[in-house]
Amino acid sequence: MKTKISVEDLNLWYGSKHALQNINIDLHKNKITALIGPSGCGKSTFLRCINRMNDLISSANVEGKIVIDGKNIYDKDVDEVSVRKKIGMVFQQPNPFPKSIYENVAYAPLKHGLVKKGRECDLLVEKSLISAGLWEEVKDSLTHPGTSLSGGQQQRLCIARTIAVEPDVILMDEPTSALDPISTEKIEALMLELKKKYTIVIVTHNMQQAARVADYTAFFHLGDLIEYDETETIFVNPKKKKTEDYITGRFG
Amino acid sequence: MKTKNNPFYDPSLKKRHANARRFKLLALSSLIIAISFLVFFMVDMIGKGLPALQQTYIQVEVSYNEKTMKSSRKAIDRKLRKVVSRAWLRAIPMQMKENPQLMNTTKLVWALADDQVDQYIKGNYYKLKNKDRNIIDELEEQGRVELQFNSLFFTNGDSKIPEFAGIKSALIGSILTLLVTMLASFPIGVMTAIYLEEFAEDNRFTQMIEVNINNLAAIPSILFGLLGLAIYINLFGMPRSSPLVGGLTLALMTLPIIIVTARAALRSVPDTIRQAGYGLGLTKIQVVRDHVLPLAFPGIMTGSIIGLAQAMGETAPLIIVGMIAFIPDSPSTITEAATVMPAQIFTWAGMPERAYIEKTAMGILVLLSVLISLNTVAVYLRKKFETKW
């Protein structure tokens with residue numbers, strides 16, 4: 001299997017707080033990797049390092065390397081905006097733009113110059129919404145506001161919006177924690193579909209979800225990467241005591 | 001008994017409910033006091049101002065001839081000369097020049113009455129000689145005295161002749177001034193807010209700026225007038241009394257209001273929207289311009305209109321930059337001398353003639369209606385853009 005993202009000695013400080021300590025991990029291509037761990041363990045922070053979203057927080061200070069496709073994204077000659085285009089992100093709260101469904105999907109590809117306005121753009125919007133499993137539900141209401149959809153639909157719209165810019169990697173920060181079980185099921189099915197094309201990294205609080213969808217699972221605790229292995233190994237036969245305690249619900 | 005078969009009986013409740021009722025009454029009475037002040041003010045203003053909508057006219061025979069051309073007083077009967085408006089008499093030669101076919105004709109015309117006659121007809125205090133009053137009584141019996149709609153109030157500028165004075169030049173002055181204020185303060189204010197809220201780092205320098213902006217909103221307006229005088233007139237040599245200077249002076253006052261409200265509007269846009277944008281690889285300008293600003297827009301508009309409405313009612317700084325001048329003609333550019341409505345009201349309020357009282361009240365009513373319509377626009381804009389998404 002191929003490594004898509006290779007993290008070497010990653011450290012992150014929020015001011016004086018050492019939030020991530022010497023993280024070394026290889027994330028595999030076309031696989032779903034779940035990041036689990038108790039609140040405040042650094043899993044979301046780590047996720048945000050992968051597309052340099054932490055650059056938006058002025059107190060955050062990153063050291064180390066994240067090598068994607070042979071290039072360290074923290075190199076001086078890498079623009080974080082282009083990193084975020086290649087590494088898409090889906091957030092905890094569905095956050096469609098206050099625009100129509102069509103514009104939600106079309107906005108970023110148009111700005112990136114991926115497509116031209118008109119037929120080409122229409123096709124991309126359709127393709128993205130089909131990939132996100134939303135097309136059948138919204139094809140007659142593309143001009144309606146994105147916020148008029150239900151929570152689960154909004155989240156799939158956000159996924160459609162993310163894949164419309166044709167990223168390599170999709171980061172998902174607890175994408176189903178604000179959704180009901182039926183919507184969650186749909187998103188999980190969608191993730192399994194999407195991993196054929198994309199590398200997916202998902203942060204989740206829901207261990208069943210990690211067990212259901214993830215090929216690999218990484219367990220974080222207090223800013224440390226405790227254990228990283230195939231999901232089955234982590235859940236059935238963890239090597240570290242702490243992982244086992246967390247999995248079996250003894251803390252967290 | 002209550003206590004016996006009522007498990008919910010609580011002896012302390014009676015007192016607690018009474019307390020709640022008293023508090024409600026207290027709150028209600030403050031509202032009633034506030035409303036009664038407002039009602040008193042409105043009733044007084046409307047009662048005093050409405051008569052200004054009517055003006056006494058007298059039907060007189062006017063003879064247009066060479067003599068009239070030289071001395072317009074000779075156009076009408078000697079005994080009527082005191083009861084018609086001087087301003088109306090003065091305008092006769094002009095009319096003759098414009099319509100040469102009037103020459104050597106005689107016509108029955110409704111002439112604008114003198115302000116004292118007007119006050120007499122309206123039943124107010126008046127100063128008329130007995131002989132003039134008898135003439136009016138006589139004319140009235142013949143049906144030659146009439147109260148007509150006072151269109152002059154809306155088509156004339158200020159005048160030292162009360163019956164001839166109108167609000168138009170002040171209204172236009174106000175509009176031009178406000179236009180300058182808006183053009184100067186809106187873009188600068190909104191851009192400043194965007195910079196402070198979206199771009200600037202949170203350090204001691206920006207905190208100092210923030211404190212100062214908040215302080216600016218509380219500075220007495222007359223100081224802004226002095227600042228405007230010093231900078232725009234003395235330093236830059238802009239024309240005194242002009243809407244340009246007045247508008248820029250008011251812009252100094254409006255700026256902090258716009259900045260503070262625009263920042264609040266930007267801050268209320270959920271951060272998730274910004275993150276969504278950055279997560280898609282959009283640049284800062286794309287995120288702010290296309291996603292954050294549209295959401296903040298209704299709030300920014302409301303704040304700006306409230307700031308402008310406040311500027312519209314502002315008088316003190318404009319007095320300092322000379323906009324209190326006597327301006328009979330409406331300004332047509334922003335560099336001509338002008339006055340504004342509140343300054344006009346101030347001027348009229350200080351006039352000795354009785355007729356200016358109703359004009360003052362009417363001026364206030366016009367100013368209030370403009371302010372109310374501005375605020376209505378603000379509410380409308382907010383509703384329109386808020387319910388959209």
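Student: In what sense do strand β3 and strand β8 of chain A pair, and over how many bridges?

Tutor: This is a predicted model, by the way. In it, β3(A), residues 32–36, and β8(A), residues 199–203, pair in the parallel sense over four bridges. One spot to look at is A:Ile32, which stands opposite A:Ile200 in β8(A).

Student: What makes β1 and β2 of chain A count as paired?

Tutor: Two strands pair if there are at least two bridges between them. Strand β1(A) (residues 3–14) and strand β2(A) (residues 17–28) have eight bridges, in the antiparallel sense, so they count as paired. In β2(A), A:Ile23 is the bridge partner of A:Leu10. The hairpin has two residues between the strands, and A:Gly15 there takes a positive phi near 60 degrees.

Student: Why are β6 and β10 called the edge strands in chain A?

Tutor: Follow the order of the open sheet of six strands: β6-β7-β8-β3-β9-β10, with mixed pairing. β6(A) and β10(A) each pair on one side only, and that is what makes them edge strands. From one strand to the next, the twist averages 20 degrees.

Student: What lies across β6 and β7 of chain A?

Tutor: That's α6(A), running at about 170 degrees to β6(A).

Student: Over in chain B, why is α9 called oblique to α14?

Tutor: Start with the general idea: two packed helices are described by the angle between their axes and the distance between the axes. Here the axes of α9(B) (residues 168–199) and α14(B) (residues 284–312) come within 10 Å and cross at roughly 140 degrees. Roughly antiparallel needs an angle over 145, and roughly perpendicular covers 65 to 115. The angle of roughly 140 degrees fits neither, so α9(B) is oblique to α14(B). The crossing is right-handed.

Student: Which residues make that contact?

Tutor: On α9(B), they include B:Leu178, B:Phe186 and B:Ile194; on α14(B), B:Val288, B:Ile300 and B:Leu308 are among them. By class, the contact has eleven nonpolar, three polar and one charged residues.

Student: What makes up the contact between chain A and chain B?

Tutor: Chain A gives 23 residues and chain B gives 16 residues. On chain A's side, the elements giving two or more residues are α2, β6, α3 and α6. The largest share, four residues, comes from α2(A). By class, that side has ten nonpolar, nine polar and four charged residues.

Student: How is chain B divided into domains?

Tutor: Domain 1 covers 56–148 and domain 2 covers 168–386. Their C-alpha centres lie 45 Å apart.

Notes. Residues are numbered from 1 along each chain as its sequence is written. Chains are lettered from A and ligands numbered from 1 in the order in which they are written. This is a predicted model: local features need pLDDT of at least 70, side-chain atom pairs count only at pLDDT 80 or more; totals for chains, interfaces and linings use all residues. Domain bounds come from an automatic or database domain assignment. Axes are lines fitted to C-alpha atoms, for helices over the stretch in contact, and angles run from 0 to 180 degrees between N-to-C directions. Angles under 35 degrees count as roughly parallel, over 145 as roughly antiparallel, 65 to 115 as roughly perpendicular and the rest as oblique. A crossing is left-handed if the near helix is turned anticlockwise from the far one by less than a right angle, and right-handed if clockwise. Two residues are in contact if their C-beta atoms, placed from the backbone, lie within 7 Å. Ala, Val, Leu, Ile, Met, Phe, Trp, Tyr, Cys and Pro count as nonpolar, Asp, Glu, Lys and Arg as charged, and the others, Gly among them, as polar.
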